[in-house]
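Colleague: Could you look closely at how one pair of helices packs in this model? Please then set that pair within its chain and describe the partner chain as well.

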Amino acid sequence: MALLEIQELCHNFGGLKAISDFSLTVTAGELVGLIGPNGAGKTTVFNLITGVYHPDGGHLYFAGQDITTWPSYRIMARGMGRTFQNIRLFKDLSALDNVRVGAFAQCSYSLRQTLFRTPGFKRQEAQMTDRAHQLLARFKLSRYALTPARHLPYGEQRRLEIARALISNPKLLLLDEPAAGMNQAEIGVLITLLRELRQEFDLTILLIEHHMGVVMDLCQRVQVLDFGETIFTGSPLEAQHHPAVLEAYLGKDGEPDEI
Amino acid sequence: MLRRRSQLLAWGGCLGLLVLAWILPASGLLNPYVQQVLMYVGINIILTLSLNLVNGYMGEFSVGHAGFMAIGAYIASILTVAVCPRFWGPWLFPFVLIGGGLGAALAGLVVAFPSFRTRGDYLAIVTLAFNMIVKSLLENIELIGGPRGYLGMARLTNVPWVVFWVLITLIALRNFVYSNAGRGVLAIREDELAANLIGVNTRRLKIYAFLISAFFAGIAGGLYAHLLQFINPRSFSILKSTDMLVMVYLGGIGSLAGSILGATIFTVLLELLRPLGVWRWVVGPLMLVLLMIFQPTGIMGLREAKILQPREEFGGVTRNPGTMP
């Protein structure tokens, strides 16, 4: 069963064709990589999937529903989680609060229950707070629970972003360059972490990554974008030797060097 | 056990405060002038708390809060003068205030919807326009006195009522802020797009925030009208909104304790500066300028007094084990 199905997605910024005819099917349990040179449109694809932009053409189906015109919060509440290329935590909120906001869509208490602080409200809040603490512990962030996110070290901020995305128990996790700015050792830890998370949380992952090592290690399948167009789909190993992919990254063979 | 006791203490404290507010004026220990100032302080606390929800917690810049206050004041006044029989006035007073609050909350929607599409400076302009529209409308409806104002209300506002409504506002806002809706509102302040992308329904929260904020501003308006027994559109001009901004930014954005502090200091200060005459009105705007330059987050600045935080808020973790600043 396809969890996410993207059909011939098109999107323009003004006159610029950012994405054209992008199709991708992600089956539950898969780990798919989306790669391509800078400016290829990878993040735009994520923004289209999560409703930041609405596509000029094409359709998006997620968990059996057409989400093409849905607003972001509704798409995410349906079972998606996302992290950002440049970390976008709520900087003045504590790590605990950052994670708890992620459970917004799961809280079913009404405004009346909130204002009167009813027992039902308290129960839900307590459950959610417990769960947030568990997640912080899972990501080795417990000691930062009440620290404003801005004071966390870089690697911890990256982990906190993943924890925030996971508290809502998403089916699909979109990771936008999770290894950006990490050294070799940290990348190794990240790869192990993502593998474990996939098992623990029963996740399907769509991953944007520049670091080929991460892609080779993790992804079963990659789709390569260049100037908004898909130039390759297949296994990561094949991608590395495919002429179109090499051309996109390194330039055409035999082309005279321009000075 | 410990939790029970602290809860008992909190409710006992509220009750004690109410009883005190009732006994003190009745005992004759407080002269009428002091009582008057106390009531102003209370009304200003309600206004500051309500404005802080939008400006401090949600991070929008609403500069037309006096508009909501005006609507509450006029509706409540019309209800007591023209609708309710005078004899029932004191009994119906809380309902009259709630009526004014609901009217103001409805007007809150007028500002909430534009806030979906615009924020920052542009939303500030929308709220400014809202304030002016309300004032001009009131000036042009002859039925309620037009620019001459509206009078005939009995002096129904007294110290116990003011204290009661301050407590209600404080409790309601505390309950809202320390919920996931409140955290969502904070998330809007920090990064609205990211908030949307982790499943926060920002539109609903904006409606909530403006509704609650406007409702309590309306309550404050009703209290104000029944204290002065006379209102006119000029009392709800931009200058009034500016005063509220000063109190919010003086006390501290995103802080309940800060709102109480800011409103109290500002109101008392203005009373002490009475000898300055007209120059007194320079103090507010001047303070706003200085605050924005030197201490934009105010005295409390995003911090909160311990007693105003629910015990269970952090799920057992009370002190930060980490040692970050």
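Modeller: For this purpose, two residues are in contact if their C-beta atoms, placed from the backbone, lie within 7 Å. The model is a predicted one, and the values below are computed from it.

By that criterion, A66(B), G67(B), A70(B), I71(B) and Y74(B) of helix α3(B) meet a group on helix α6(B) made up of F130(B), N131(B), V134(B), K135(B) and L138(B). Sorted by class, the residues of this contact are seven nonpolar, two polar and one charged. Two packed helices are described by the angle between their axes and the distance between the axes. Here α3(B), residues 65–83, and α6(B), residues 121–140, pack at an angle of about 30 degrees, and their axes are 8 Å apart. Angles under 35 degrees count as roughly parallel, and α3(B) is therefore roughly parallel to α6(B).

The pair belongs to a chain whose secondary structure consists of 13 helices and two strands. The radius of gyration of chain B is 20 Å, close to the 20 Å that the globule rule gives for 325 residues, so chain B is as compact as a globular protein of that length. Along the principal axes, the C-alpha atoms of chain B fill a box of roughly 60 × 50 × 40 Å.

Chain B also touches chain A, in a contact that takes 32 residues from chain B and 42 residues from chain A. On the chain B side, at least two residues each come from α7 (159–177), α8 (180–190), α9 (192–196) and α10 (202–228). Of the elements on that side, α8(B) gives the most, with seven residues. By class, the chain B side divides into 17 nonpolar, 11 polar and four charged residues.

Turning to the partner, chain A is divided into domain 1 (1–79 + 171–251) and domain 2 (90–169). The C-alpha centres of these two domains of chain A lie 27 Å apart. Their contact takes eight residues from domain 1 of chain A and six residues from domain 2 of chain A. The domain 1 side of that contact in chain A has six nonpolar residues, one polar and one charged.

Chain A contains an open sheet of six strands with mixed pairing, in the order β6-β7-β8-β3-β9-β10. At its edges stand β6 (80–82) and β10 (229–234) of chain A, each with a single partner strand, so one side of each is left without a neighbour in the sheet. From one strand to the next, the twist averages 15 degrees. Strand β6(A) runs parallel to β7(A), residues 172–176, and three bridges join the two. In this pairing, R82(A) is placed opposite L174(A) of β7(A). Helix α1(A), residues 42–49, packs on the sheet and touches β3 (31–35), β6, β7, β8 (204–208) and β9 (221–226) of chain A. The direction of α1(A) makes about 150 degrees with that of β7(A).

A further pairing in chain A joins β1(A), residues 2–13, to β2(A), residues 16–27, in the antiparallel sense over eight bridges. Within it, L4(A) is opposite V26(A) of β2(A). The hairpin of β1(A) and β2(A) has two residues between the strands, and G14(A) takes a positive phi near 60 degrees there.

How values were computed
Residues numbered from 1 in each chain as written. Chains lettered and ligands numbered in written order. Predicted model: local features only at pLDDT ≥ 70, side-chain atom pairs only at ≥ 80, totals over all residues. Domains from an automatic or database assignment. Nonpolar A, V, L, I, M, F, W, Y, C, P; charged D, E, K, R; others polar. Helix = DSSP H or I, 4+ residues; strand = E, 2+ residues; numbered from the N terminus. Pairing = 2+ DSSP bridges. Axes fitted to C-alpha atoms, helices over the stretch in contact; angles between N-to-C directions. Parallel < 35°, antiparallel > 145°, perpendicular 65-115°, else oblique. Rg over C-alpha atoms; globule rule 2.2 N^0.38 Å.
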